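Please work through the following exercises with the sequence and the structure at hand. Each task is followed by a solution in steps.

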Amino acid sequence: MPASKESALAKKLIVETRAYYCLECGKCTARCPISRVDSTFSPGLNVARALRGFDWEIKRDGGIWACMVCEICSSACPSNVDYPRFILGLRAEALRSGREKTHLSELEQLFLEGETDKDSGIYRQIKAVKTAIKGQDGGVVTSLLVEGMKIGFFDSAIVVYRQNGFQAEAVIAENASDIAMAKGSKYQLVSVAEKLVEAVKEKGKKRIAVVGLPCQVLGIREIQKAMPEVEIFVIGLFCLENFVYRLLRQRVGELLKVDMDTAEKVNMSKGNFIVTNEGKQVSCKVSELQEAVRTGCSFCTDFTSRLADISVGSVGSPDGYSTVITRSRKGEELFRLLTDLKETSADRDEIDRLASWKERKGFEKLKQEFSSLLG
Amino acid sequence: MTENILVIGGGIAGIQASLDLADKGLNVYLVEKSPSIGGRMAQLDKTFPTNDCSICILAPKMIDCFNHPNITVYTCSDVKSVNGSAGNFKVKVLRRPRYIDEEKCTGCGDCIHACPYESPDEFNVGLGKKRSAHLYFQQAVPRVAIIDEKTCTKCGNCKIVCEAGAVDLDQKPKELELEVSAIVVATGLDVFDPSAMSEYGYGKYRNVITSIQYERLINAAGPTGGHLERISDKGRVKRLAFIQCVGSRDVKNSPYCSTVCCMFSTKSATLAREHDPDIENYIFYTEMRASGKRFQEYIDRGKTEYGIHYIRAKPGEIKENEKKDLVIWYYDRESESVKSLEVDLVVLAVSLLPSRGSVDLAKILGIDLDEDGFFKLKDKLYSPVDTNVSGIFVCGYSKRPMDITDAVIDASGASARAAEFVAAARCR
């Protein structure tokens, strides 16, 4: 059997990721939100095929690009196999052979429509706006969800609530007050994709909105491909990196002597991580929180949630305003529901600067991480 | 050198070791931490592969042990310190108060009826209630009541009704000092608590229980009189699922295999089918491990005679619906997709761990534990019951996962080694 580049690399990755210890119990696949709806995707199967030494071509590009690196699989695995790392290694190889762009543009073609900016992706409008709602910045996400539900674009929304302290959990919101409770950025990864799948497969929802980070938006589009009968409005957030809550809380406690569980608000601005506690603001540099950053974030190349119907973030807008990028007809229609807006122009240079920086950094880190294996 | 030997732990291994030693004419002190001897075997309904009634084959040994002229049983007791060396150990034992005089109590049960306070029952693993004055279980040996000091309000009802005058609410702990030549450790197992594995919903969903809880449910002497019913609504169980390896073969919990679970889940499924011929049983397994004599045939009969559905998959998660049924999500190998199965009750075959007191006991005795917390052997091949301390031997589950038959054999081995010490001294 002629060994393809992929299977040669896969064999090296098997050693690195402990894949030998795979029991083939299937728990990873049973937990994975993508596998739940798309039977061709399975963290464990990727490894199993490689273990059997099949001359292994990646049958669907979704096989390695659909993974959100949410790490639910590896944390569930009784043998502690690092499935995300396995996939990231294969992505590094795909990068080297120039295949990374194809899959993303396929999804862009399928869901979005507009002009193309090489750094911030497909767009129809890019603006800085402020609503009457006081949210993280301009209250835009909350307003979009409330208005969209009012008019009947969707009957439920996957949002994230604070639970114990600042620790957060995904919920299915079904009315305006449910949505209002989800205000504010959480700075931790919460599995919205899992909740989306639950809402559709178990609760039978057919028109649903979901708010996610760039990595989650990718997963959601994969899920959407497998469930074309469901109407999904995707709101994506700008994101530079995200944290593991437990580690973040520990580090913030060490550096700022404040307990995140009791924080009123947390925000990032110009490289600073700012915590508001009992009316007072304390801050540190985001770079000081590196050890709390999630694994997948180092390799992510998407700053503005390029695959969302609407992307929302604080970069590119003045204080109290949010930047909005509409990327599809659906996104445009949803955005038009917001009346009573204060508008100004967004700083597109700032957005593009960060977007291209993140993309370069992500690709570089991926190549670096696996350079010894790629040879 | 005395002809006394200490056995720590009154389960089947400890009982067997004590009987072997006593029958050889040696004196045995059997120290047991709970109010009765019998251990885990007393909690089981039936034993594999024969499906014998567990207490029926255990109780005669419990009685023999307690009544044997050469055995002194100390229940509600802990070993506090051990000094000296082989041939001459000085052991301090603390006897915790029962608040009942063992010499006077006749086991009549009047105090139990008179006691007004109920609390969760430890022996029934939280499934039933006990009175503060209670018998540890129906067939407890010694048949002496015990008053739970945590829930007793000292109302005195028990004292009023007790015709034997056995209630002593001011009873104090007693310390004993024993001189023994050798020690046999037989402290058995504890059960993994799967609450931390939130994907399985134990502690959240009422109809998810552990294997030991199932034993109490199906047991005729248990809290439901042996009726297999759902915990949430006492409804009938028509679809029963077992999930293997919950905590076992898991590098984040117990990396080892607990050895007995594949067999006991098959047993539990066959018992359920015998109770109700309409029940559908599903066992979600990683491998079906059946290495003992006639064990594979037992599993095969499970398939052919009892219609058990064996599914090779480790479920990803369990969810509950409005009816409090459980929905199990798993990867189905045949269709190569993730599927769900709705059932009425889920039994988690949880990992079995060395007894929780092992860490402290190891320090007291000066013996080593291995990386999984089991008592370490001096040498697996040449001295498979010896520890690193001369004169101290170990047998049963506290040493490594094993079933009842092997625990009995192991106990005979450990007691033979302990008896050698005394025999050797006699020969000098």
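The exercises below concern a predicted model and treat strands, a loop residue, helix packing and the contact between chains.

**Exercise 1. Determine how strand S12 (residues 322-326) of chain A is covered and which strands pair with it.**

Step 1. Consider burial along the strand. Five of the five residues of S12(A) are buried, and the strand is thus described as mostly covered.

Step 2. Separate the two faces. In a regular strand, side chains alternate between the two faces of the sheet. On one side of S12(A) lie Ser322(A), Val324(A) and Thr326(A), on the other Thr323(A) and Ile325(A), and all of these are buried. Both faces are covered.

Step 3. Identify the partners. Strand S3 (residues 125-130) of chain A pairs with S12(A) in the antiparallel sense through five bridges. Strand S11 (residues 310-313) of chain A is also antiparallel to S12(A), with four bridges.

Step 4. Locate a residue that is bridged from both partners. Thr326(A) is the bridge partner of Gln125(A), and Thr326(A) is likewise the bridge partner of Ile310(A).

**Exercise 2. Establish where Ala346(A) is found, and whether Ala346(A) is buried or exposed.**

Step 1. Place the residue. Ala346(A) belongs to the loop between strand S13 (342-344) and helix H15 (348-369) of chain A.

Step 2. Apply the burial criterion. A residue is buried if 20 or more other C-beta atoms lie within 10 Å of its own. Ala346(A) has 23 C-beta neighbours inside 10 Å and therefore counts as buried.

Step 3. Examine the surroundings. Beyond the neighbours within four places in sequence, the contacts of Ala346(A) are Ile126(A), Lys127(A), Ala128(A), Gly316(A), Ser317(A), Thr323(A) and Ile351(A). Gly316(A) is 30 residues away along the chain, yet its C-alpha atom is 5.2 Å from that of Ala346(A).

**Exercise 3. Classify the packing of helix H11 (residues 192-201) with helix H12 (residues 214-226) in chain A.**

Step 1. Take the geometry. The axes come within 9 Å and cross at roughly 25°.

Step 2. Compare with the cut-off. Angles under 35 degrees count as roughly parallel, and H11(A) and H12(A) are therefore roughly parallel to each other. The crossing is right-handed.

Step 3. List the residues that meet. H11(A) offers Val192(A), Ala193(A), Leu196(A) and Val197(A), while H12(A) offers Gln216(A), Gly219(A), Ile220(A) and Ile223(A). By class, six residues of this contact are nonpolar, two are polar and none is charged.

**Exercise 4. Classify the packing of helix H1 (residues 12-23) with helix H9 (residues 404-427) in chain B.**

Step 1. The axes are 8 Å apart, at an angle of about 40°.

Step 2. This angle makes H1(B) oblique to H9(B). The crossing of the two helices is right-handed.

Step 3. Among the residues in the contact are Ile12(B) and Leu21(B) of H1(B), and Val408(B) and Ala411(B) of H9(B). The contact comprises 11 nonpolar, three polar and two charged residues.

**Exercise 5. Describe the side of chain A that touches chain B.**

Step 1. Count the residues: 14 of chain A are in contact with 17 of chain B.

Step 2. Find the elements involved. Helix H2 (27-31) and helix H3 (33-37) of chain A each give two or more residues. The largest share, four residues, comes from H2(A).

Step 3. Sort by class. This side of chain A has five nonpolar, six polar and three charged residues.

Definitions and conventions: Residues numbered from 1 in each chain as written. Chains lettered and ligands numbered in written order. Predicted model: local features only at pLDDT ≥ 70, side-chain atom pairs only at ≥ 80, totals over all residues. Buried ≥ 20, exposed ≤ 12 C-beta atoms within 10 Å, placed from the backbone. Contact = placed C-beta atoms within 7 Å. Axes fitted to C-alpha atoms, helices over the stretch in contact; angles between N-to-C directions. Parallel < 35°, antiparallel > 145°, perpendicular 65-115°, else oblique. Left-handed = near helix turned anticlockwise from the far one by under 90°. Nonpolar A, V, L, I, M, F, W, Y, C, P; charged D, E, K, R; others polar. Pairing = 2+ DSSP bridges.
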